[in-house]
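These notes are meant for a colleague who is meeting this structure for the first time. Please read them with the sequence and the model open side by side.

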2 protein chains.
Amino acid sequence: MSTPTQKPSVVYGRPVTTDGVPNLYSGTEVQPWTTPDPGIDNLGISSIDTFAVPGVGEYTVPFDGYVRVVRSQPTATEWANAEVYTNLIEMRMTGESEELGRITVTLNPECLSAGQIRTPFDPYAGEGPAAKACRMAVGAIFDMPKLGLQLINKEPIILTIDDVRQIPPAGSPGKGQIYRMLPLHDIRRPDDDPVAYVTSLRFTMGGYLPKEQIA
Amino acid sequence: MSTPTQKPSVVYGRPVTTDGVPNLYSGTEVQPWTTPDPGIDNLGISSIDTFAVPGVGEYTVPFDGYVRVVRSQPTATEWANAEVYTNLIEMRMTGESEELGRITVTLNPECLSAGQIRTPFDPYAGEGPAAKACRMAVGAIFDMPKLGLQLINKEPIILTIDDVRQIPPAGSPGKGQIYRMLPLHDIRRPDDDPVAYVTSLRFTMGGYLPKEQIA
């Protein structure tokens with residue numbers, strides 16, 4: 001099961017329409033330094049997340065799964081000036097740890113997870129065209145049935161990819177920009193104290209997946 | 001004029017009640033390594049923010065003003081294990097730049113700006129008791145009348161203070177944890193492309209202010 005975003009009450013960026021936008025799967029060709037037409041990218045993703053549970057311990061869990069990302073029409077045709085807006089419309093990653101059991105990460109339907117790809121204001125020096133920066137603000141649900149918990153973040157998780165030379169940035173490593181700790185709340189008691197924290201998140205975007213691999 | 005938060009639709013952390021919580025002004029004594037009773041801290045603040053406007057330029061603006069922060073009952077009496085939850089209930093900072101004109105920053109009443117003070121999971125090595133980490137997720141309005149714009153952030157601005165040895169951390173320097181750029185949207189068109197970005201934010205918490213200085 002996946003969690004498409006529907007009528008979210010919290011909107012982390014610019015909404016992007018999926019109307020008439022084609023799904024893209026394995027076999028899609030990606031041209032570097034080129035602004036593509038709008039599409040829904042069905043991509044693999046893996047991640048290594050560290051969770052801290054106060055008084056209990058810190059647990060590092062590898063995750064694997066897929067994301068579906070809708071991309072807007074680029075704001076310009078040439079690479080240098082183009083901005084592309086993105087919404088994460090589906091995510092499903094699973095991981096397992098002895099202590100926390102099996103964990104499934106999906107999108108929080110209360111949130112519109114949104115981002116963009118643009119030339120940064122502090123570009124890295126380098127040869128050739130300027131690489132872009134990709135960022136996405138994400139609201140997720142961490143389902144931990146062994147602990148009887150579904151955890152949500154109330155600050156978005158900021159996922160970033162640097163040195164983007166093609167859209168989508170398949171194969172690129174990325175990072176969750178977590179400063180020391182990101183609070184996670186019990187979905188049943190979101191106004192109570194956080195029950196756990198994400199203290200580190202590193203991910204890698206995979207390539208296009210075959211349609212059969214998207215549940 | 002200030003902007004108290006009222007019935008926000010976006011809640012970035014744990015709500016903290018202001019019911020029966022006393023306002024604290026100049027003259028309040030602060031004990032290091034001690035967990036204080038709940039209070040509303042009326043504190044000075046200064047900040048240096050850099051704004052990037054695509055295709056126009058980057059502008060660094062110094063701000064000065066005050067914040068009002070309500071603190072919860074600490075979760076423990078001894079310093080080491082105590083967590084304190086905070087809500088930013090009022091903010092007013094003003095700055096001026098030749099190009100952008102006068103800028104006033106207040107809280108976005110659509111957002112509950114929330115944070116906490118706790119011992120981090122990655123404490124700095126040092127002598128004496130462990131210093132705490134302070135974080136606050138903020139939704140703000142940047143009013144720029146010269147440009148006819150009110151800008152809002154849709155991802156919270158994460159303000160952090162490290163090496164916290166007293167509550168409140170008056171006099172401490174802090175940082176906005178902005179990775180490369182934080183999008184700002186026109187409040188009249190929040191679902192459109194961002195119109196500007198914050199690319200850097202450094203601040204310093206001031207001390208308690210006299211009551212007369214809080215508007």
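1. A convenient place to begin is a sheet region of chain B, where strand β6 (residues 101-107) and strand β9 are joined by four bridges and run antiparallel. Strands, like helices, are DSSP runs numbered from the N terminus (E, at least two residues, for strands; H or I, at least four, for helices), and two strands are said to pair if DSSP finds at least two bridges between them. Within this pairing, B:Thr106 has B:Ile141 of β9(B) as its bridge partner.

2. Before going further, the basis of the values should be stated. This is a predicted model, in which local features need pLDDT of at least 70 and side-chain atom pairs count only at pLDDT 80 or more, while totals for chains, interfaces and linings use all residues. Residues are numbered from 1 along each chain as its sequence is written, chains are lettered from A and ligands numbered from 1 in the order in which they are written, and side-chain values use heavy atoms, with hydrogens and water left out.

3. On β9(B) itself, which spans residues 140-144, four of the five residues are buried, and the strand is mostly covered. Buried here means under 20% relative accessible area, exposed means over 50%, and partly exposed lies in between (1.4 Å probe, protein chains only). The strand also pairs in the antiparallel sense with β10 (residues 149-153) of chain B over four bridges, and there B:Ile141 stands opposite B:Ile152. The two strands form a hairpin with four residues between them, and B:Gly148 in the turn has a positive phi of about 65°.

4. Which strands does β3(B) pair with in the antiparallel sense? One is β4 (residues 57-71) of chain B, over 15 bridges, with B:Gly44 and B:Tyr66 as bridge partners; another is β14 (residues 196-208) of chain B, over nine bridges, where B:Ser47 is partnered by B:Phe203. A parallel pairing is also present, since two bridges join β2 (residues 23-24) of chain B to β3(B), and B:Asn23 has B:Ile40 as its partner in it.

5. The burial of β3(B) deserves its own remark: 12 of the 15 residues of this strand (residues 39-53) are buried, so the strand is largely enclosed by the rest of the structure. The hairpin that β3(B) makes with β4(B) has three residues between the strands, and B:Gly55 takes a positive phi near 80° there.

6. How are the two chains related? Chain A can be laid on chain B by a turn of 180° with a shift of 0.0 Å along the axis, giving an RMSD of 0.0 Å, where the copies are superposed by least squares on the C-alpha atoms of residues with pLDDT of at least 70 in both. This is the relation of a two-fold axis. In chain A, the C-alpha nearest the axis belongs to A:Val10, at 3.0 Å from it.

7. The contact between the chains (heavy atoms within 4.5 Å) takes 42 residues from chain A and 42 residues from chain B. About 3500 Å² is buried between chain A and chain B, with carbon and sulfur atoms giving 53% of that area; buried area is the accessible area (1.4 Å probe) that two parts lose on being put together, summed over both. A:Phe121, A:Tyr179 and A:Arg180 supply 22% of the area that chain A buries against chain B, more than any other three residues.

8. Eight salt bridges are counted between chain A and chain B, each being a side-chain nitrogen of Lys or Arg within 4 Å of a carboxyl oxygen of Asp or Glu. One of them joins A:Asp162 to B:Arg180, with the closest N and O atoms 2.7 Å apart.

9. Why are there zero disulfides over all chains? A disulfide is a pair of cysteine sulfur atoms within 2.5 Å, whereas the sulfur of A:Cys111 is 12 Å from the closest cysteine sulfur, that of B:Cys111, which is too far for a bond. A:Cys111 is buried, at a relative accessible area of 4%, and B:Cys111 also counts as buried, at 4%.

10. Two single residues of chain A complete the note. A:Thr104, in strand β6 (residues 101-107) of chain A, is buried at a relative accessible area of 15%; leaving aside residues up to four places away in sequence, A:Thr104 touches residues including A:Arg92, A:Ile141 and A:Asp143. A:Pro190 lies in the loop between β13 (182-186) and β14 (196-208) of chain A and is partly exposed, at 28%.
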